[in-house]
Amino acid sequence: MKTMTFMSATVVAVCSLLSCATDTVNQKTDDKMEKSNLTQKWDKKFPQSDNVNHRKVTFKNRYGITLAADLYEPEISERKLAAIAVSGPFGAVKEQVSGLYAQTMAERGFITLAFDPSYTGESGGEPRNTASPDINTEDFSAAVDFLISLPGVDAERIGIIGICGFGGMGLNAAAMDTRIKATVASTMYDMSRVNANGYFDADNNAEARRNKRMAMNAIRTRDAQTGTVTSGTPGLPDTIKGDEPQFVKDYFDYYKTDRGFHPRSINSNGAWSPTMELSFINMPQLSYISEIDNAVLLVHGENAHSRYFSEDVYKRLTGDNKELLIVPGASHTDLYDRTIPFDKLEAFFGENLK
């Protein structure tokens, strides 16, 4: 395994599955039936590229939830290409960060798919605005299913990019799904750890977890008895005072300003279900990441509050095909749209999706 900075990674960048026919038909039929419900206008937080073809698609995960996605394809290719599924950040939509990653990687020669996770964005699933360590891991594998059904995709050359909380989901998927040959986790969170232990593990004790469980289960009891659904509290305020932690200011600067605001994004314009944390507290995501045989690249900002997630995960990975890239001077949200090391990502996937 190796650790490098963005500068050294740039030097490195310069130097250096199967699907049954019936499932494919069903996927494409679902796409034709449901894509009309998707927003067809370009409403993303980044300009549309003239160098890739783009279309909206849908597909189902193995729980029967319809996922909505943007498919980006290089304009001209006479051969089958490597493909990359992209999702995250946690509480974002494909019109924000994941779409930017996907479109840019398509400009560099990959077929890419940016999808909204179950229960969020334009994807299906009820109740809305919730998450699951199991179902959201499955979302990545469902994206792989869709990609390998495409005639232009080489089914043996599939990678994924998970961003923020979906960096952890992506690693979980890579531990489960051997079809994923290369994984990038960018500015990652371990959502099980942060929900169970609090930020920086400040609440890592049984009493704190018990209190969380009791509060959330009280909400469940009230909802069951009254037939109502309790709304969550937005994670970000509509205004900030200036004395908040720097990472809260950084999140606000992306999600609550024109830089990244999107009306379908939970982080911009909504709230998570108040009982969402229960399953994450009880189900550690990354139990088997030491068994990931295929290549992994962890990317994190030097000044990110969340950097410890990547550093601790890196210590648990095995093999000489694992890397940790620390981007000098970058915050957590700089890797959303400002300081993304695309040259390194291109080199990593080019090397590992041969």
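1. Let's start with a charged pair: D70 and K44 form a salt bridge, and their closest N and O atoms sit 3.0 Å apart. The two partners come from distant parts of the chain, with D70 in strand 3 and K44 in the loop between helix 2 (21–34) and strand 2 (52–60), 26 residues apart. Both ends are out of the solvent by the usual label: D70 is buried, and so is K44. Bear in mind throughout that this is a predicted model.

2. Next up is R264, which forms a salt bridge with E95, again with 3.0 Å between the closest N and O atoms. Here the partners are 169 residues apart: R264 belongs to the loop between helix 8 and helix 9, and E95 to the loop between strand 4 (81–87) and helix 3 (97–107). How do the two ends fare for burial? E95 counts as buried because its relative accessibility is 0%, under the 20% limit. R264, with a relative accessible area of 24%, is partly exposed, so one end of this pair falls in the class between the 20% and 50% cut-offs.

3. A third pair worth a look is D154 with R157, a salt bridge whose closest N and O atoms are 3.9 Å apart. D154 has a relative accessible area of 22% and is therefore partly exposed, since the buried class stops at 20%. R157 comes in at 16%, so R157 is buried.

4. Now for how the bridges connect. Salt bridges with shared partners join D43, K44, K56, D70, K94, E95, D116, E122 and R264 into one network. Over the whole structure, the search turns up 28 salt bridges.

5. Back to strand 3 for a moment. This strand covers residues 66–74, and T66 is part of it. Is T66 buried or exposed? T66 is buried, because its relative accessible area of 12% is under 20%. The T66 side chain also makes a polar contact with the side chain of K60, at 2.8 Å.

6. On to open space. The largest pocket holds about 770 Å³, and 28 residues line it, with F90, Y199, G235, N267 and W272 nearest its centre. Elements giving two or more residues to that lining are helix 6 (191–197), helix 8 (246–255) and helix 9 (266–269). Helix 8 supplies the largest share, four residues. If you care about the chemistry of the wall, the count is 18 nonpolar, nine polar and one charged.

7. The second largest pocket has about 490 Å³ of space. Its lining runs to 25 residues, and P127, T130, V229, S273 and T275 lie nearest the centre. Two elements give two or more residues to this lining, namely helix 7 (206–226) and helix 10 (277–282). Which helix gives the most to the lining of the second largest pocket? That would be helix 7, with four residues. By class, the lining splits into 11 nonpolar, 10 polar and four charged residues.

8. Last, the enclosed space. The largest cavity has a volume of about 50 Å³. Its lining consists of P89, F90, G91, A92, P117, S118, T120, T130, A131, N136, F166 and W272. Seven of these lining residues are nonpolar and five polar, with no charged ones. Some names will look familiar from the pockets: F90 and W272 line the cavity and also lie nearest the centre of the largest pocket, while T130 lines the cavity and is among those nearest the centre of the second largest pocket.

Methods
Residues numbered from 1 in each chain as written. Predicted model: local features only at pLDDT ≥ 70, side-chain atom pairs only at ≥ 80, totals over all residues. Heavy atoms only, no water. Buried < 20%, exposed > 50% of the residue type's maximum accessible area, 1.4 Å probe, protein only. Polar contact = N/O pair within 3.5 Å; in protein donor to acceptor, adjacent residues only side chain to side chain. 1 Å grid on protein atoms, 1.4 Å probe; cavity = no way out; pocket = protein on both sides within 12 Å on 5 of 7 lines; lining within 4 Å. Points joined across faces, edges and corners; volume = space filled by probe spheres on them. Nonpolar A, V, L, I, M, F, W, Y, C, P; charged D, E, K, R; others polar. Salt bridge = Lys/Arg side-chain N within 4 Å of Asp/Glu carboxyl O.
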